Amino acid sequence: MAQTTYLLKPDRVFDGEAVHEGWVVRVKGERIEAAGPATSVSGNGAEVIDLKGTTLLPGLIEGHSHLLLHPYNETPWDDQVLKEARSLRVARATVHAKKTLMAGFTTVRDLGTEGAEYDDVGLKQAINQGIIPGPRMIVVTKALIATGSYAPKGFSPDINVPQGAEEADGHDALIRAVRTQIGKGADAIKIYADYRWGLMAEARPTFSIDEIRLIVETARSSGRGVVAHAGTAEGMRRAILGGCETIEHGDAGTPDVFALMKQHGTVLCPTLAAGDAVSQYRGWKKGQEPEPERLRQKRVTFKQALDAGVTICAGGDVGVFSHGDNARELEMMVDYGMKPLDVLRSATSVNADVFHLNDRGRIRPGLLADLVAVEGNPVREIADIRRIRLVLKGGILYRQ
């Protein structure tokens with residue numbers, strides 16, 4: 001896996017923002033050295049990789065993943081949290097990491113270990129040290145929940161059941177929890193701004209706006225942002241006003257809430273593929289039966305977000321469905337009304353900007369040589385994003 005100098009010659013280059021026909025890209029070590037028309041980039045001393053018939057893109061960035069989960073139709077979430085040993089979950093996650101990388105996703109924002117404590121930190125270290133192949137990871141460790149709101153549920157009230165995230169409430173406990181997670185290795189803090197209180201009830205807000213502001217202020221002191229799971233309009237409103245950077249899911253957003261997101265610069269990570277997968281697990285036969293009401297409503301709210309001009313990041317909540325099938329979210333974003341070019345931007349430069357990753361997400365000299373080549377042209381046909389020809393991460397060829 002020695003690093004070297006490559007000259008990549010695709011049919012076209014999507015640089016994270018625009019498409020350029022006839023461009024080539026020169027990579028030296030772990031960085032991009034040059035990119036531009038073939039006549040302007042020297043091939044001296046470089047190993048030429050002919051990528052005829054392909055589009056070269058920045059390595060894709062998965063905005064919402066759970067490498068320590070696997071599809072719920074294989075094992076229900078409750079059973080993964082309560083019955084699977086953490087050692088088993090980590091072993092499985094190493095496979096998930098490789099599948100993600102081989103699918104062209106060279107970075108993932110992994111939004112919670114779901115009961116596996118700080119095991120995402122060790123997974124990230126194993127990848128960074130070259131022990132296992134996988135994407136660069138942004139981790140949030142345990143995630144924060146209001147006491148009594150999360151899961152597993154349905155047990156005797158006499159029993160204390162391990163939770164899939166860390167419970168904390170009020171001034172001192174929240175500050176301590178945020179600082180502890182950061183101290184253990186969290187790159188960002190995730191909160192659940194709403195959840196299904198009680199036994200199988202509808203989702204309702206959890207933390208107060210003041211609590212969220214406190215979490216955000218504490219995280220920002222260390223240079224970290226806060227991510228909010230929020231599906232209800234009120235949960236979203238509190239997360240926005242509290243200063244969260246991204247809203248995950250946003251299923252029941254309204255035009256007013258999306259206008260507020262636009263006003264505050266809050267970004268939506270819609271996780272379309274997760275809802276689609278869960279509906280199929282519950283019996284919906286996609287392509288044969290009408291869409292369930294939940295999905296029809298999601299199409300409406302997603303369009304409202306687009307109409308409001310909300311920035312959309314690409315993240316599928318992978319783990320609910322199979323790792324390595326990350327492209328499913330990008331395909332659905334197009335199906336739900338985004339242009340393929342905008343979806344590709346979301347999965348590269350937009351995600352890089354939103355996640356404060358100024359060393360990747362674009363094809364520019366000096367940036368990390370995280371690159372993926374796909375057969376065809378995903379700007380015209382988004383499904384071509386699955387036709388992987390080459391994966392380069394930090395100048396190292398992982399797939400060719």
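This is a short walk through the salt bridges, a hairpin, one histidine, the cysteines and a surface patch of a predicted model.

Okay, so keep in mind as we go that this is a predicted model. Let me start with the charged pairs.

How many salt bridges does a search of the whole structure find? It's 32. I'll pick out a few of them.

Take E17 and R362. They form a salt bridge, with the closest N and O atoms 2.7 Å apart. E17 sits in the loop between β1 (5–14) and β2 (19–21), and R362 sits in the loop between α11 (340–354) and β17 (371–375), so this pair ties together parts that are 345 residues apart in sequence. The two ends aren't covered alike: E17 is partly exposed, at 33% relative accessible area, while R362 is buried, at 13%.

Next up, R92 and E84. Their side chains meet in a salt bridge at 3.6 Å, N to O. Here R92 is the partly exposed partner, with a relative accessible area of 28%, and E84 is buried, with 12%.

Then there's R386 with E331, again a salt bridge, and the closest N and O atoms are 2.8 Å apart. This one links distant parts of the chain: R386 is in the loop between β17 and β18 (388–393), E331 is in helix α10 (residues 327–335), and they're 55 residues apart. R386 counts as partly exposed at 37% relative accessibility, and E331 counts as partly exposed too, at 23%. And that pair has company. Salt bridges that share partners join D276, K286, D325, R328, E331 and R386 into one network.

On to the backbone. Strand β3 (residues 23–28) pairs with strand β4 (residues 31–37) in the antiparallel sense, over six bridges. If you want a spot to click on, V24 has G36 in β4 as its bridge partner. The two strands make a hairpin with two residues between them, and G29 in the turn has a positive phi of about 65 degrees.

Now, H249. You'll find H249 in strand β15 (residues 246–249). Is H249 buried or exposed? Buried, with a relative accessible area of 12%. What is H249 in contact with, leaving aside its neighbours within four places in sequence? Quite a list: H64, H229, A230, L268, C269, P270, T271, K298 and D317. As for Y192, 57 residues away along the chain, its C-alpha atom is separated from that of H249 by 11 Å.

C269 was on that contact list, which brings me to the cysteines. The disulfide count comes to zero. Why does C244 have no bond? Because its closest cysteine sulfur, the one in C313, is 13 Å away, and that's too far. C269 is in no disulfide either; its nearest cysteine sulfur, also in C313, is 3.4 Å away. The cut-off is 2.5 Å between the sulfur atoms, so that pair doesn't qualify. Both of these cysteines are covered, by the way: C244 is buried at 4% relative accessible area, and C269 is buried at 0%.

Last stop, the surface. L82, F155 and I159 form a nonpolar patch there, with about 260 Å² of accessible area together. L82 belongs to helix α1 (residues 77–83), and it's partly exposed, with a relative accessible area of 33%.

That's my tour, thanks.

Technical notes. Residues numbered from 1 in each chain as written. Predicted model: local features only at pLDDT ≥ 70, side-chain atom pairs only at ≥ 80, totals over all residues. Heavy atoms only, no water. Buried < 20%, exposed > 50% of the residue type's maximum accessible area, 1.4 Å probe, protein only. Patch = residues over 30% accessible without salt bridge, like charges linked within 9 Å, V, L, I, M, F, W, Y side chains within 5 Å. Areas by Shrake-Rupley, 256 points an atom, 1.4 Å probe, with all protein chains shown as cover. Salt bridge = Lys/Arg side-chain N within 4 Å of Asp/Glu carboxyl O. Helix = DSSP H or I, 4+ residues; strand = E, 2+ residues; numbered from the N terminus. Pairing = 2+ DSSP bridges. Contact = heavy atoms within 4.5 Å.
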